[in-house]
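Colleague: Could you take me closely through the aromatic and nonpolar side chains of one part of this model, with the cut-offs behind each term?

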Amino acid sequence: MNNGRAQTARWPLSLGAKFVRVVPLRTVLVVMLTLVALVSSILAFLLPLKIIILLGSEGMPKYFPPAFERFDRDRLVVYLSLATVGLFLLNVVAVKVTAWITEGATQSLLARSRKLVLFENQHEVAGNAYQSFSSVLAGGVFTALGLAAILVFYSELGLVIAGYLALVTVVLALGCARSLSVRKYVQGYLNAVVGNLSTLGFFVVFGYLVLDFVLLEPPNFLVAIISFLLTRQILTRLSGVVTGLDKLYRQREKLDALFFHGRPFVQAAQDKLGSLWDQLAPGQKGHWVAPLLNEYAGLEGLEPEAAEQALSWQQPSLPQMGAFVYRGREGVFLAKLYDQKKSMAAQHAATLLADAPEGLPAPGFLGLTQTGVFPCAAYQLVAGSAVPAKQARKVAIDVKAQLLALEPPSELAARYLRSRPTVAQRMNTQWLDRALVAANRKAKKAITALWEHWMALQSIVSALPLTFQNPDMKPWALWQPENAAAPMLLNWEKWSLEPAGVGWVLQGKGSQQLAAAHEQACEKRKALRDFPVEHLMLAALVAELERFTQKQLLGEAAGVIVQIWRVLKPLRAAEPATSEKKAANGE
């Protein structure tokens, strides 16, 4: 453990040694220019303060340097103004030259490593790393020089700053060493922690200055002002050193592979302390499942050990998520745990299932809460099991037929349409342009025809009533009750509302299956009776076209366009005859 920590602590030194060894002169120049840019920036903002003080005074202030007294006040204002402009230009030039030298040094470092291209934008990663290291080194040097200057000219304030920094370091080190929660908080919110400590240090210094001028023996007023401003810069640069090192550590695997010969690029998936996977580990999952079921399923007195033994893994629909089925004397329940980044998915599922319409093939929603920082949800199941892979396709068709026959609640549909677009709204002729790249002669004719009738196609799809769409129809997501009841879907994190027909695959017997489901759904759902099955087929094919285009399966996309035109062409040909018939009837 100690050896690993020592290696971690030595890693920035190894990286810096590599930079200095390969590009020593340029590294020194970058650090010096960074310091020049920093100092010139401070002075460029300090001098205007002096100019304002001069303009507001009738004579030369006593706390100004004696050398200023030989100048006329107005002439001194002009000189200081010119110096401000010069320092600003010096800062700009130093920053530009630093970027130019950094670019050259990055090229040399990558050329020296003699490696293949390891990952996307590796040149940018290398340049940022070199610049970050140079900024960290320059910030460290500036902090040391600035603190030394304050100790010389205002020793009491220097001791206050040094004491504050030492105290903060010791408290953080002890807190992280003894408390896992403190360590997790510091790791997760390092920028905020460092920024707040920097601000607190600034007010500590301000408080001491007030105390010194009111009760103690203060130094020269100009020395106090410069020390005060310099303290702010020291704390800011020290914060930059800490966050810069953290930024380097976060890309350690990439930087090792880029700059060290014997280290290939292996991006290890390391779980953070207290991560989702800690909660899912054996011996741990019962500690959140038991309270969840005790609260929402009414299983009073369920202990973590007993819950652990009754749990079985249930494959979820999303990565960074866990799900377990609990089988006990009290019944069968589903418990889900989500990573923090998946909280929107948990809320999305709860939005539908908390007030699910009757007939929705879904488990009974019991509640959504938090365990620590992780959302978790509980569901009521009936005794049953996941559908075997051999039966999954047939069961999935049955579930799709259930969804087609179910009318979404009008309020839910209105809320959904205010929030998200359907495939009818996402339809874009750019899909045709993409498919044209891989189209044969037959597909090109279909694409040309579809270009002319695209608005008509979009009108047909837009007019269709909405149905629930759930793309997660894998075998492990399908649940078959033991009592021969209708199957259900366990995972609803990806549900959507789409025009009827979306989600059906028309390959093979797909068209006949959709037609049969449409006929059955019309008996239960009046809104579907005004639309022929061909309209639903068009919606299904348009959704397939979108999917293939997004995945850049352009050959398949071109084939789908041929199918779309094959279905749409007779409908378009029948429209003039229908219009003439209506006109003859006086409609």
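Modeller: Buried stands for under 20% relative accessible area, exposed for over 50%, and partly exposed for what lies in between (1.4 Å probe, protein chains only). The model is predicted, so that local features need pLDDT of at least 70 and side-chain atom pairs count only at pLDDT 80 or more, while totals for chains, interfaces and linings use all residues. Residues are numbered from 1 along each chain as its sequence is written, and side-chain values use heavy atoms, with hydrogens and water left out.

Y185 is partly exposed at 48% relative accessibility, and Y189 is likewise partly exposed, at 45%. Rings of Phe, Tyr and Trp (its six-membered ring) pair if their centres lie within 6.5 Å, and planes under 30 degrees apart count as stacked, over 60 as edge-to-face and the rest as tilted. The structure holds 11 aromatic pairs. Y185 and Y189 make a tilted one, with 5.0 Å centre to centre and 35 degrees between the planes, whereas F202 and F203 meet edge-to-face, at 5.8 Å and 75 degrees.

F202 is buried, with a relative accessible area of 18%, and belongs to one aromatic cluster with F203, F206 and F228. Over the ring of F202 sits the charged end of R232, 4.8 Å from the ring centre; this term requires NZ of Lys or CZ of Arg within 6 Å of the ring centre and within 35 degrees of the ring normal.

L211 lies in helix α7 (helices, H or I, of at least four residues, are DSSP runs numbered from the N terminus), and L211 is partly exposed, at 39%.

Conventions. Helix = DSSP H or I, 4+ residues; strand = E, 2+ residues; numbered from the N terminus.
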